[in-house]
Amino acid sequence: MNVQARTIAVIDDDPRVLESLLNFLASCGYQAESYLSAEQFLGSGGLSRCMCIVADIELPKMSGVGLLHHIRSSNCAVPVVIITGKPSEDSGTFYLERGALGFFRKPVDCEALVDLIGSVCSRPDPD
């Protein structure tokens, strides 16, 4: 499998969250790319390179839900996982009904995240 087929885009405006998730995903054999905003991700061409997106709800300008809506309205089938560290009235069901693959509160249960990603995406090649 090529590297692009294993790439996961992680979008969060908190550099500590990005570093943590990127390190964990790399330890599981995935290539991960980090972005501080939805606009940075979309402007980079990252959508064409990734097999899954992990996006925070609270992002500058375009929110994670806005990104999810943008991706779904463009008929792109790339799975999107929504994460948040803020309390919200919206439950995981709210995001799933809008097309998200999953929903996690921070701190993210990384093992559950990788299990979810692996259940719908190609597994990484063994080294």
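**Figure 1. A close look at D14, in the loop between β1 and α1.** This is a predicted model, and that goes for every view that follows. D14 is found in the loop that links strand β1 to helix α1. Is D14 buried or exposed? Its relative accessible area is 19%, so D14 is buried, since the cut-off for that word is under 20%. The side chain of D14 also reaches the backbone nitrogen of R16, at 2.9 Å.

**Figure 2. Strand β1, covered on both faces.** Strand β1 takes in residues 7-11. How many of its residues are buried? The count is 5 of the 5, so β1 is largely enclosed by the rest of the structure. Follow the side chains along the strand: T7, A9 and I11 point one way, while I8 and V10 point the other way. Whichever way they point, all of them are buried.

**Figure 3. The partners of β1, namely β2 and β3.** Strand β2 (residues 31-35) runs parallel to β1, and 5 bridges join the two. To find your place in this pairing, look for T7, which stands opposite Q31 in β2. How do you get from β1 to β2 along the chain? Helix α1 (residues 15-27) belongs to the route: β1, α1 and β2 make a right-handed β-α-β unit. Strand β3 (residues 52-56) also pairs with β1, again in the parallel sense, over 4 bridges. Here the residue to look for is V10, whose bridge partner in β3 is V54.

**Figure 4. Strand β4, buried from end to end.** Strand β4 covers residues 80-84. With 5 of the 5 residues buried, β4 is largely enclosed by the rest of the structure. Which residues sit on which side? V80, I82 and T84 are on one side, V81 and I83 are on the other, and all are buried. So both faces of β4 are covered.

**Figure 5. The partners of β4, namely β3 and β5.** β3 and β4 pair in the parallel sense over 4 bridges. V54 stands opposite V81 in β4. That makes V54 a handy landmark, as V54 is also the β3 bridge partner of V10 in β1. Between β3 and β4 the chain crosses through helix α3 (residues 64-73), and this β-α-β crossover is right-handed. Strand β5 (residues 102-105) runs parallel to β4 as well, and 4 bridges join them. In that pairing, I83 stands opposite F104 in β5.

**Figure 6. A cluster of rings: F94, Y95 and F103.** A pair of aromatic rings is described by the distance of the centres and the angle of the planes. A search of the whole structure finds 3 aromatic pairs. One of them joins F94 and Y95, which meet edge-to-face, with 4.9 Å centre to centre and 85° between the planes. Y95 also pairs with F103, and this time the rings are stacked, with 4.9 Å centre to centre and 10° between the planes. Ring pairs link F94, Y95 and F103 into a cluster. Are these rings buried or exposed? Y95 is buried, and so is F103; for Y95 the relative accessibility is 2%. F94, at 23%, counts as partly exposed. F94 has another neighbour to spot: the charged end of R98 sits over the F94 ring, 3.6 Å from its centre.

**Figure 7. Cysteines without a disulfide.** A disulfide is a covalent bond between the sulfur atoms of two cysteines. How many disulfides are there in this model? The count comes to 0. Why does C50 not bond to C76? The C76 sulfur is the closest cysteine sulfur to that of C50, but it is 7.1 Å away, too far for a bond. For C121 the closest cysteine sulfur is in C52, at 4.6 Å, and that is too far for a bond as well. The cut-off used here is within 2.5 Å. C50 is buried at 10% relative accessible area, and C121 is buried at 9%.

**Figure 8. Backbone oddities at K61, N75 and P107.** Most residues other than glycine have a negative phi, and most peptide bonds are trans. K61, in the loop between β3 and α3, has a positive phi of about 60° although it is not a glycine. N75, in the loop between α3 and β4, also has a positive phi, near 60°. K61 is exposed at 80% relative accessible area, and N75 is exposed at 71%. Finally, look for P107 in the loop between β5 and α5. A cis peptide bond joins K106 to P107, with omega at about 0°.

Terms used: Residues are numbered from 1 along each chain as its sequence is written. This is a predicted model: local features need pLDDT of at least 70, side-chain atom pairs count only at pLDDT 80 or more; totals for chains, interfaces and linings use all residues. Side-chain values use heavy atoms; hydrogens and water are left out. Buried means under 20% relative accessible area, exposed over 50%, partly exposed in between (1.4 Å probe, protein chains only). Rings of Phe, Tyr and Trp (its six-membered ring) pair if their centres lie within 6.5 Å; planes under 30 degrees apart count as stacked, over 60 as edge-to-face and the rest as tilted. A charge sits over a ring if NZ of Lys or CZ of Arg is within 6 Å of the ring centre and within 35 degrees of the ring normal. Two strands pair if DSSP finds at least two bridges between them. A crossover is right-handed if, with the strands pointing away from the viewer, the path from the first strand over the helix to the second runs clockwise. A polar contact is a pair of N or O atoms within 3.5 Å; within protein, one must be able to donate a hydrogen and the other to accept it, and residues adjacent in sequence count only if both atoms are side-chain atoms.
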